[in-house]
Amino acid sequence: MEKPSLWRSIVQSLRGEEHDYTAESLNRAVFLLSVPMVLEMLMESLFAITDIFWVSHLGKNAVAVVGITESVMSLVYAVAIGMCFAASAIVSRRIGEKDPERASQAAGQIVVLGILMASGMGVVLGYFAEDILRLMSQSEAVVEMGTPFIRIMLGGNITVFMIFLINAIFRGAGDAVIAMRTLMLANVINMALGPCFVFGWGPFPEMGVTGAAVATNIGRGIGVLYQLWHLLGHHSRIHVHLYHLRPAREVLHTIISTSKNGIAQLLISTTSWVGLYKILAMFHEAALAGYTIALRLIMFMLLPAWGIANAGSTLVGQNLGAERPDRAERAVWIAVKWNTIFLGAVGVLYVIFAHSLASIFASEPDVLHEATRSLWIVSLAFPFYAAGMCFEGAFNGSGDTWTPTRLNFFCFWLGQVPLALIFAVPLKMGALGVYIAVPVSFGVLTLWSAVLFRRGKWKEKKV
């Protein structure tokens with residue numbers, strides 16, 4: 001049989017053709033899943049880049065508003081992505097077991113839980129939005145400018161929550177193309193509406209930094225509607241019907257028990273980022289704004305790298321469901337190799353062109369200085385990030401969400417934040433100490449994850 005060309009394989013992956021990933025050649029399986037997943041994550045990263053590009057024209061206070069809000073939104077992301085781990089692990093396991101009905105039932109229960117969770121968080125966080133912003137910033141100007149922005153983002157979190165969760169369902173089913181198209185649609189709308197609402201172009205009101213929040217939520221909201229259309233049976237491998245939404249105790253128990261460690265895992269890592277922002281706020285707005293810009297540039301490439309890690313995670317779930325654990329392990333090592341090459345090359349480019357990249361978003365000299373040095377320091381550890389996210393993705397894909405939770409606790413809460421504080425204050429390194437703590441903690445996390453992955457206990461996890 002003739003081996004498909006690279007171009008033909010890319011076209012097949014983007015068409016969304018159905019494949020049996022428990023029987024397909026592993027290199028080809030990783031490739032077919034990675035292409036749409038990388039593009040999906042690239043689209044997700046564009047949300048951050050688009051918002052910061054337009055908002056950066058409004059000054060460093062506006063950038064600080066976005067950075068602080070994003071650090072708080074990371075708590076929402078933690079809950080959503082923690083549930084995503086359960087969604088992807090359970091759906092992929094059922095698909096691997098050749099049981100699409102139970103996969104659809106799990107998807108329906110996950111959607112209902114997600115709506116309830118996001119709605120509750122939206123009410124509480126939206127109500128306390130101003131207090132949260134005031135707690136995070138010592139600048140009254142930032143609080144005054146940012147209160148409407150943070151209230152819209154926190155109160156309307158259901159759009160980002162559901163777009164994450166439903167895409168995880170599609171990825172678990174091996175339907176990565178629908179997830180990719182969802183983010184493309186949402187991004188096009190956000191990029192078109194962003195400057196309109198921020199600067200008041202045409203008939204749109206001039207809303208300043210608040211306009212970025214409005215555009216983002218409209219774009220994501222339309223993306224969610226597109227997802228639901230597919231989830232209800234239009235050209236997808238998961239078909240959710242009304243009876244799938246009725247509470248099923250056993251399924252709900254499995255989802256909640258798998259999700260709780262995933263949520264804790266992400267809460268640990270994201271609250272550590274909040275801690276870093278709080279430490280940076282002890283110095284000056286330039287450090288906060290510069291780090292926000294650097295972090296957006298870093299996430300622009302880290303999220304696509306998560307696409308490769310997610311491909312490995314999906315293959316772990318499906319192949320464990322098909323009772324082929326050795327094949328699941330080999331899929332992860334293939335993902336590690338590709339991801340390390342990809343992100344390592346990006347890291348080299350980021351180190352070389354840190355100043356040029358930061359200057360696209362920062363015009364004020366002090367902000368540019370902080371953005372440049374934080375970008376190249378954090379980028380030094382890109383190969384560690386690449387391998388680490390694949391190992392943690394393997395644990396989560398198997399349903400073993402406890403192992404990465406434990407790793408995150410020791411490496412971030414007991415490692416990254418205290419280390420950043422020690423470097424910044426007692427050692428008098430200031431903001432530079434915060435930047436250095438990031439690659440150090442991620443390096444330890446990756447090495448520890450590799451040791452536990454090789455031990456192989458994750459292969460025994462039942463979901």
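Trp333 counts as partly exposed in this predicted model, because its relative accessibility is 32%, a value that falls between the 20% under which a residue is buried and the 50% over which a residue is exposed. The ring of Trp333 has a partner in Phe391, and since the two ring centres are 5.4 Å apart and the planes stand at 80°, the pair is edge-to-face. Phe391, for its part, is buried, with a relative accessible area of 3%. Trp333 belongs to helix α12 and Phe391 to helix α15, so the pair ties together parts of the chain that are 58 residues apart in sequence.

This pair brings us to the aromatic pairs of the structure, of which there are 23. Another of them joins Trp54 and Phe199, whose rings also meet edge-to-face, with 5.8 Å from centre to centre and 75° between the planes. Because Trp54 lies in helix α2 (residues 26–55) and Phe199 in helix α8 (residues 176–199), this pair ties together parts that are 145 residues apart in sequence. Phe199 counts as partly exposed, because its relative accessibility is 23%. Trp54 and Phe199 also belong to one aromatic cluster, which they form with Phe53, Trp201 and Phe361.

From rings we can turn to charges. Side chains of opposite charge can pair when their charged atoms come close. The structure holds 11 salt bridges, and one of them is formed by the side chains of Arg171 and Glu40, with a distance of 2.6 Å from N to O. Arg171 lies in helix α7 (residues 158–172) and Glu40 in helix α2, so this pair ties together parts that are 131 residues apart in sequence. Arg171 counts as buried because its relative accessibility is 10%, and Glu40 is buried too, with a relative accessible area of 2%.

A salt bridge can also be found between loops, for the side chains of Arg237 and Asp175 meet at 4.0 Å, N to O. Arg237 sits in the loop between α9 (209–231) and α10 (249–280), whereas Asp175 sits in the loop between α7 and α8, so that the pair links distant parts of the chain, 62 residues apart. Both Arg237 and Asp175 are buried. Elsewhere, Arg94, Glu97, Asp99 and Arg102 are linked with one another in a network of salt bridges.

The last salt bridge of this tour leads into a single helix. Glu370 and Arg373 form a salt bridge in which the closest N and O atoms are 3.3 Å apart, and both residues lie in helix α14, where they are three residues apart, about one turn of the helix. Glu370 counts as buried, because its relative accessibility is 5%, and Arg373 is also among the buried residues of α14.

Helix α14 itself runs over residues 365–379, and its 15 residues reach 21 Å from the first C-alpha to the last, close to the 21 Å expected at 1.5 Å a residue. How much of helix α14 is buried? Of its 15 residues, 11 are buried, so the helix is largely enclosed by the rest of the structure. The buried residues include Val367, Leu368, Ala371, Leu375 and Ile377. What do the buried residues of α14 pack against? Their neighbours are α3 (60–96), α11 (285–321), α12 (325–352), α13 (354–359), α15 (382–398) and α17 (431–455). Two of these helices have been met before, since α12 holds Trp333 and α15 holds Phe391.

How values were computed:
Residues numbered from 1 in each chain as written. Predicted model: local features only at pLDDT ≥ 70, side-chain atom pairs only at ≥ 80, totals over all residues. Heavy atoms only, no water. Helix = DSSP H or I, 4+ residues; strand = E, 2+ residues; numbered from the N terminus. Expected span 1.5 Å × (residues − 1). Buried < 20%, exposed > 50% of the residue type's maximum accessible area, 1.4 Å probe, protein only. Contact = heavy atoms within 4.5 Å. Phe/Tyr/Trp six-rings, centres within 6.5 Å; stacked < 30°, edge-to-face > 60°.
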